[in-house]
Amino acid sequence: MAEPIDPQTPEASAAPEAPAGPYVYDYAASPQRQIVLPKTVPLPSLKTYLAEQKAAAAADEAKWVKMQADFESAKAKAEAEGKDAPKPPVRPVPRKDDNDLKTPVPQAAQDADLLTLVALLGDKVEEIFEQAGELVCQVKKEAIFEALKLCRDEAALNYEMLADESGTHYPAATDFAFSVVYHLTSISRRKRLRLRILVPEGFVPESACAIYPGANWMEREIYDMLGIRFANHPDMTRILCPEDWEGYPLRKDYPVVGWGQRDITFREDRGGMIERIALQKAGQLGINLKQPKAE
Amino acid sequence: MFKNEEMEINLGPQHPSTHGVLRVKLRLDGETITHCQPMIGYLHRGVEKICENQTFFQGQVWTDRMDYCSAVANNLGWAEANEKLFGITVPRRAQYIRTMLNEFNRLASHLIWLATHALDIGAMTVFLYAFREREDILDMNEAFCGSRLTTTAFRIGGLREDLPPGFEKMVKVFLAKFPSCLEEYENLLSENRIWKKRTVGVAKLSAEDAIALGVTGPVLRAAGVPYDIRKAFPYAAYAEMDFEVPTRTEADTYARYLVRMEEMRQSARIIQQCMDGMPEGPVMAKLPKILRSEVNEVYHATEAPKGELGYYLIGEKGGLNPYRFHVRAPGFINLQSLPKMAEGGLIADIVAAIGTLDIVLGEIDR
Amino acid sequence: MGMSINQPSTFEHFLITTKVEKVMNWSRATSVWPVTFGLACCAIEMMAAGASRFDFDRFGAGIFRATPRQADLMIIAGTVTYKMAPVIKTLYDQMPEPKWVIAMGSCATAGGPFDSYHTIQGVDKVIPVDVFIPGCPPRPESLIYGFMKLQDKIMTSSLADRYKDIFEEVG
């Protein structure tokens with residue numbers, strides 16, 4: 001299935017025809033075995049949000065102007081033919097949902113920490129904004145080491161702890177492929193900050209281990225799951241998957257069930273270990289998917 | 001004629017003293033550890049990848065199975081992160097019930113910690129006593145949501161249904177006898193000469209090292225830093241609760257033991273306040289039938305029994321599934337401090353070090 | 001002996017006659033020693049089954065041996081992953097005969113809720129399993145019921161069962 005079906009539409013509520021014969025679960029059609037590349041780039045950003053709002057408002061305005069113009073022409077036509085004038089148009093009001101949702105949107109940055117970062121880093125900061133009560137600062141990918149060092153050492157910022165570092169794959173984006181996000185916590189000032197860099201395929205960002213030694217395993221996990229290497233890392237090897245694993249699982253072009261490595265049978269009656277590689281090469285895989293390129 | 005050679009041995013992945021499948025490569029000089037390298041991934045189940053294919057509501061099922069000693073703590077973090085993503089306000093009664101269940105599961109997790117830590121060091125009676133108390137807490141879990149261990153207790157926007165009848169009585173009976181049980185454990189362990197010899201001065205981790213490595217939870221608080229997310233960035237009903245954050249300065253295994261015992265007392269105090277001050281009202285916010293996200297990312301951290309548990313969610317426009325579902329597991333970060341704790345010590349002390357870190361491989365490997 | 005049940009013979013006051021096979025099966029079934037092999041959440045329920053409320057020791061199976069070389073039973077409690085599978089195979093090979101395997105929980109039976117790239121869909125892809133216990137996690141009562149089923153299986157097994165294929169080959 002390429003698109004998730006909206007259960008509220010009438011075509012989904014019509015029951016499919018019952019198949020004749022015994023019911024067999026169609027494994028090949030289950031969602032975990034499909035690769036659906038996302039078509040959008042869900043990167044929250046104040047600039048894109050404002051641009052979208054402006055475009056939506058302009059489209060609304062254009063639609064209202066067109067409705068009025070249509071009404072004028074229809075009225076003129078009715079008067080010419082001697083019929084009654086049509087009803088004047090009413091400006092459509094956006095539908096108000098009756099629920100407790102207040103989706104947070106990006107807002108202009110007002111916090112002192114973000115403004116301090118802009119003052120210290122200058123044009124290395126690409127964007128700052130606040131969303132859902134969180135401070136977000138996007139920096140140029142070459143300047144991330146400097147930004148982290150400033151956050152830790154500057155007395156006004158004093159972000160002592162790196163809480164988390166993680167990455168995301170955006171296959172639909174054109175000028176970058178991944179985003180790496182650093183969550184910093186200031187214990188003494190009770191504040192959190194998110195630093196973000198956008199990384200194209202093949203770029204090697206500077207490791208944060210020299211500033212926050214806790215980034216060691218976090219960056220190994222990002223390498224294991226996404227394939228982003230970090231420069232000057234003490235031990236750039238896979239951490240969760242085995243050392244000889246091929247492929248980077250959290251990329252969007254990697255299926256959930258994998259490329260068949262897990263379907264090898266390890267059993268042998270009363271013998272030694274089967275060589276996993278030999279069986280894999282012999283072609284006895286449970287799923288008929290194409291092999292990934294050797295990386 | 002006699003040469004000093006270092007021996008390289010393997011601890012795990014199957015070993016009675018590892019809390020799950022943890023493998024530690026050790027290099028020994030006699031009985032002293034010169035190099036320690038933990039190796040994980042033996043329980044890597046691909047939870048983050050799986051949850052990208054599930055809707056926002058369905059993701060809770062996999063969160064229970066990460067830190068399986070206290071599933072409700074994971075559920076609370078997940079529910080709050082999703083509510084932050086969608087901008088949902090949870091009714092007050094639901095917040096109180098969530099806080100109460102969270103504290104019960106903090107007790108359950110600390111009881112498992114006590115049982116296994118004591119069992120590793122050699123005190124086998126405490127294992128049986130602690131599991132006796134834990135069974136009562138699991139009975140309460142079962143009364144509320146039907147399952148003892150993997151609870152899936154909450155929903156986005158509140159709770160599925162209110163407390164069952166008779167729940168208050170169960171809580172009252174439990175709270176009446178719990179302080180005497182805590183005293184029983186402390187009688188067995190706190191002034192025990194063998195316990196003190198095995199834990200005082202063992203597996204030290206100073207505050208600077210802890211903050212640099214990102215270690216949180218009781219390990220950080222036993223080193224002198226009073227950082228508890230329930231007080232620093234309050235969530236659920238913790239802003240209205242009156243409790244203390246136990247802190248010690250010695251930063252060794254005995255200090256962490258005392259911190260966790262005191263945390264159990266404070267948890268009982270919070271549960272009592274929740275029961276006394278429980279407001280009336282609905283337990284579920286009004287939500288649309290299908291939750292579609294906007295372009296949004298949140299990082300929400302809560303204080304799980306092991307440390308700071310964070311959920312990083314990214315939503316796409318009109319998406320039914322999260323675009324990225326990342327869990328900041330406290331055990332994953334805390335385990336990085338094992339080499340610092342164990343190197344230079346004896347091989348018997350690494351067992352105490354692993355126990356005192358209170359790691360659970362389900363959340364480390366995800 | 002052919003005597004009627006209601007009239008014991010002179011010897012049955014102090015003599016039990018039975019088959020060697022039954023005695024061996026009875027002794028094997030009532031003192032099965034498991035190896036500590038908790039992998040994930042089911043391990044906590046296994047520990048609870050061995051603890052105060054659901055005492056596992058009354059079945060003779062309370063002593064969890066740390067090393068597989070002294071154990072007869074391996075309770076796979078938890079998810080089996082690709083990285084862990086060779087380890088499980090090695091441990092299974094280290095157990096001396098006769099040995100049994102209980103797959104506890106959905107993950108050990110069929111991969112459980114984790115249909116992903118690193119999870120083996122059932123431990124019977126790695127080692128032969130005698131009893132499957134479904135549940136996520138199964139309650140300690142379920143584990144005890146499954147264990148009792150294993151005891152039934154041991155009690156009704158014959159000495160020739162395990163070596164049937166070799167005997168058939170030889171002819």
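**Figure 1. Two domains are assigned in chain A of this predicted model.** Domain 1 covers residues 45-90. Domain 2 covers residues 107-226. The centres of the two domains of chain A, taken over C-alpha atoms, are 45 Å apart.

**Figure 2. A tilted ring pair joins chains A and B.** Aromatic pairs in the whole structure number 21 over all chains. One of them is formed by A:Trp217 and B:Phe332. Their ring centres are 5.6 Å apart and their planes meet at 50°. Tilted pairs fall between the limits of 30 and 60 degrees, so this pair is classed as tilted. A:Trp217 belongs to helix α5 (residues 215-226) of chain A. B:Phe332 belongs to helix α12 (residues 330-334) of chain B, so the contact links two chains. Both A:Trp217 and B:Phe332 are buried. B:Phe332 has a further partner in B:Arg366, which lies over the ring face at 5.0 Å from the ring centre.

**Figure 3. An edge-to-face pair ties together separate parts of chain C.** The rings shown are those of C:Phe59 and C:Phe147. Their centres are 6.1 Å apart. Their planes stand at 75°, so the pair is edge-to-face. C:Phe59 sits in the loop between α2 (41-50) and β2 (73-77) of chain C. C:Phe147 sits in helix α5 (residues 140-155) of chain C. The two parts are 88 residues apart in sequence. C:Phe59 and C:Phe147 are both buried.

**Figure 4. Ring pairs build a cluster from residues of chains A and C.** Chain A contributes A:Trp245 and A:Tyr254. Chain C contributes C:Tyr82 and C:Tyr117.

**Figure 5. An arginine sits over a tyrosine ring in chain A.** The charged end of A:Arg189 is placed over the ring of A:Tyr159. The distance to the ring centre is 5.9 Å.

**Figure 6. C:Val23 is partly exposed in helix α1 of chain C.** Helix α1 of chain C spans residues 20-29. The relative accessible area of C:Val23 is 41%. Partly exposed residues lie between 20% and 50%, so C:Val23 falls in that class. C:Gly122 is 99 residues away along the chain. The C-alpha atoms of C:Val23 and C:Gly122 are separated by 34 Å.

**Figure 7. The second largest pocket is lined by residues that include members of chains B and C.** The pocket has a volume of about 1100 Å³. Its lining holds 43 residues. Nearest the centre of the pocket are B:Pro16, B:Leu119, B:Phe127, C:Thr36 and C:Met47. Three elements each supply at least two lining residues: α4 (92-121) and α5 (124-145) of chain B, and α2 of chain C. By class, the lining of this pocket has 26 nonpolar, 11 polar and six charged residues.

**Figure 8. The largest cavity has a volume of about 90 Å³.** Four cavities of 30 Å³ or more are counted in the model. The largest cavity is lined by 16 residues. Closest to its centre are B:Arg65, C:Cys41, C:Cys42, C:Cys107 and C:Cys136. In chain C, α2 and α4 (105-110) each give two or more residues to this lining. The largest share, three residues, comes from α4(C). The lining of the largest cavity divides into eight nonpolar, six polar and two charged residues.

Conventions
Residues are numbered from 1 along each chain as its sequence is written. Chains are lettered from A and ligands numbered from 1 in the order in which they are written. This is a predicted model: local features need pLDDT of at least 70, side-chain atom pairs count only at pLDDT 80 or more; totals for chains, interfaces and linings use all residues. Side-chain values use heavy atoms; hydrogens and water are left out. Rings of Phe, Tyr and Trp (its six-membered ring) pair if their centres lie within 6.5 Å; planes under 30 degrees apart count as stacked, over 60 as edge-to-face and the rest as tilted. Helices (H or I, at least four residues) and strands (E, at least two) are DSSP runs, numbered from the N terminus. Buried means under 20% relative accessible area, exposed over 50%, partly exposed in between (1.4 Å probe, protein chains only). A charge sits over a ring if NZ of Lys or CZ of Arg is within 6 Å of the ring centre and within 35 degrees of the ring normal. Domain bounds come from an automatic or database domain assignment. On a 1 Å grid over the protein atoms alone, a cavity is a set of points where a 1.4 Å probe fits but cannot get out, and a pocket is an open set with protein on both sides within 12 Å along at least five of seven lines; lining residues have an atom within 4 Å of a point. Grid points are joined across faces, edges and corners, and a volume is the space filled by probe spheres set on the points. Ala, Val, Leu, Ile, Met, Phe, Trp, Tyr, Cys and Pro count as nonpolar, Asp, Glu, Lys and Arg as charged, and the others, Gly among them, as polar.
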